[in-house]
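Please open the structure in your viewer and keep the selection tool at hand. This tour moves from one stop to the next, saying what to select and what is there.

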Amino acid sequence: MDNNNMVKQIEYKRFLESYSDLKSIDLLITDLNGILRGKRIQPNILEKVYTDGICLPASVFALDITGDTIEETGLGFEQGDSDRVCRPITGTLTKAPWYNKPMGQVLMTMYESDDEPFFADPRQVLKRIYGQLKELGITPVVAVELEFYLLDNRRDRKKNPQPPISPITGKRDLNTQVYSVDDLDDYGEFLEKIAKGAKSLRIPADTALAEYAPCQFEINLKHEPNPLSACDNAVLLKRLIKGVAREMGMTASFMAKPYAQQAGSGTHIHISLLNRNGKNIFSDPKNETGSKKLHYAIGGLIKSMKESMAIFCPNANSYRRFQPDLYVPMAPTWGLDNRTVAIRIPTAPEKDKRIEHRVSGADANPYLVMASLLSGIHYGMTNKVKPPKISTGDAIAKHKPSLPMTWVESLNAFSKSKILKEYFGKEFFHVYYETKHKELQKFNSLVTPLELDWYLRTV
């Protein structure tokens, strides 16, 4: 028995011994949209799951946001809707603390029958691209920041979302108080449950802060020297936040833009790179904007940014975020400690020199976003791509929008990709494009209430 199998056996046996009262366990896998899907099993089945894996159809990675299988991907009826083997991810077997009964959960990833990674699994895509950096002797140290809204379960009279009623004031908060400690106090019980739950799930959650709109919050994850683990923790943190909110009679939404007149929610990712000696290769004490390798990394990220937008902003609503004065970059820019650029170099000690990617929406799949960023970084460094001139001041005002600002434009740029397609693989590209293209067609075929209000009687 190899070491990895021994670790897995010890893991599930200790887990079942520690939680003998479990009612069931959720087996979870992340689809293209970042949605967790899977099966719920009885605890006595867990040994079989760890020994033999469990079967799920490959078409789980051909589902659009509504859960329909996109046959154009070739993963549905064309191959008989056949199964693949899913195996547990070591270290993710935990209790699910928000349920009112003892429940467990574990993340899974998909393989072919010969144990080769399944090409359409986003986690396997990231694992392969991460491996290319490891071959260069480079370790990415990454952190994920997630923004979200707490919402009332009931919509307002116009069927729009609305903030919940504060458990402290008894009123509905309609004001924006960025970094407000009072807002953190108002929802202290919710945030405390998140902190306690994260600890029990071994999720390295760091700080929580109030963001730029009523009941908008951000929870940061600590830096990890493993992008796979960082993304595992990001999807588990999302599940925890949603579960705790549901338990407390609220809804937690990672929709990019739930309110037309308020700030959108993003996924910001911090990345630094260590060499084999543990030295940060982005650091250069003689240059406050970092080393040449940092500049090459930024160059690659900027060169691949347009074709990556369909990953960063995967839904129709994603593009509502891109408005002036809301700290959302609309051009491939970079700068020093500047929150108006796409790629920011935060103020930090030299040993922590890093980039912060600020383009992705909260609705994006963390594995695919991370894979896109590591692809751009690898491409930039191996091809010594120089970045454009650094941006200062209000980059949003100084640079005209040049990133794809609509779903149609981003999918068109994605389909013509040269850099990303090389890293992600043509097979994955086909599945992702067909899924999102069909979803776009479905969205555009619907007649909205606004169209009826504007046109039904006027034209």
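A residue is called buried when its relative accessible area is under 20%, exposed when that area is over 50%, and partly exposed when the value falls in between. The model on your screen is a predicted one, and the words just defined will return at nearly every stop.

**The whole chain**

Begin by showing the whole chain as a cartoon, in which the secondary structure comes to 14 helices and 14 strands. Taken along the principal axes, the C-alpha atoms fill a box of roughly 60 × 55 × 50 Å. The radius of gyration of the chain is 22 Å, which agrees with the value near 23 Å that a compact globule of 459 residues would have. Buried residues make up 55% of the 459 residues, and if you switch on the surface, you are looking at about 21,500 Å² of accessible area, of which 50% belongs to carbon and sulfur atoms. Among contacts between residues at least 6 apart in sequence, 71% join residues at least 24 apart.

**A strand with several partners**

Next, select residues 139–152, which form strand S7. Is this strand enclosed or open? Of its 14 residues, 13 are buried, so strand S7 is largely enclosed by the rest of the structure.

Now add residues 267–274, which form strand S11; this strand runs antiparallel to S7 and is joined to it by eight bridges. To see one of these pairings, pick proline 140, whose bridge partner in S11 is leucine 273. Then colour strand S9, residues 216–221, which is also antiparallel to S7 and is joined to it by five bridges; here tyrosine 149 stands opposite glutamine 216. Finally, add strand S10, residues 250–253, where four bridges make another antiparallel connection to S7, and where methionine 250 is the bridge partner of aspartate 152. While the strands are on display, show their side chains too, and keep in mind that in a regular strand the side chains alternate between the two faces of the sheet.

**A buried residue in a helix**

Move on to helix H6, residues 227–247, and select asparagine 233 within it. With a relative accessibility of 8%, asparagine 233 counts as buried. Which residues does asparagine 233 touch, if its neighbours within four places in sequence are left aside? Its contacts are then Arg202, Ile203, Pro204, Leu221 and Glu224.

**Salt bridges**

Hide the surface for this stop, which concerns some of the 19 salt bridges counted in the model. Select lysine 438 and glutamate 72, whose side chains meet in a salt bridge with an N to O distance of 3.3 Å. This pair links distant parts of the chain, 366 residues apart: lysine 438 belongs to helix H13 (residues 426–444), while glutamate 72 sits in the loop between strands S3 and S4. Lysine 438 has a relative accessible area of 32%, which means that it is partly exposed, and glutamate 72, at 38%, is partly exposed as well.

For a second pair, select glutamate 112 and arginine 84, where the N to O distance is 2.8 Å. Glutamate 112 lies in the loop between strand S6 and helix H3, and arginine 84 lies in strand S4, so this salt bridge ties together parts that are 28 residues apart in sequence. Glutamate 112 is partly exposed at 23%, whereas arginine 84 is buried at 14%.

A third pair is arginine 358 and glutamate 356, whose closest N and O atoms are 3.1 Å apart. Arginine 358 is buried, with a relative accessibility of 5%, and glutamate 356 is buried too, at 2%. Add Asp337 and Arg344 to the selection, and you will have a network of four residues joined by salt bridges that share partners.

**Two stops at the surface**

Bring the surface back and select lysine 400, in the loop between helix H10 (395–398) and helix H11 (407–415). Lysine 400 counts as exposed, at 73% relative accessibility, and apart from its neighbours within four places in sequence it is in contact with Met330 and Ala331. The C-alpha atoms of lysine 400 and alanine 331 are separated by 6.8 Å, although the two residues are 69 apart along the chain.

For the last stop, select Leu450, Trp454, Tyr455 and Val459, which form a nonpolar patch on the surface with about 490 Å² of accessible area together. Valine 459 is found in the segment after helix H14 (449–455), and its relative accessible area of 79% makes it exposed.

Note on methods
Residues are numbered from 1 along each chain as its sequence is written. This is a predicted model: local features need pLDDT of at least 70, side-chain atom pairs count only at pLDDT 80 or more; totals for chains, interfaces and linings use all residues. Side-chain values use heavy atoms; hydrogens and water are left out. Buried means under 20% relative accessible area, exposed over 50%, partly exposed in between (1.4 Å probe, protein chains only). Two strands pair if DSSP finds at least two bridges between them. Patches are made of residues with over 30% relative accessible area and no salt bridge: like charges are joined within 9 Å, nonpolar side chains (Val, Leu, Ile, Met, Phe, Trp, Tyr) within 5 Å. Accessible areas come from the Shrake-Rupley method with a 1.4 Å probe; for residues, only the protein chains shown count as cover. Contact means heavy atoms within 4.5 Å. The radius of gyration is taken over C-alpha atoms; the globule rule is 2.2 Å times the number of residues to the power 0.38.
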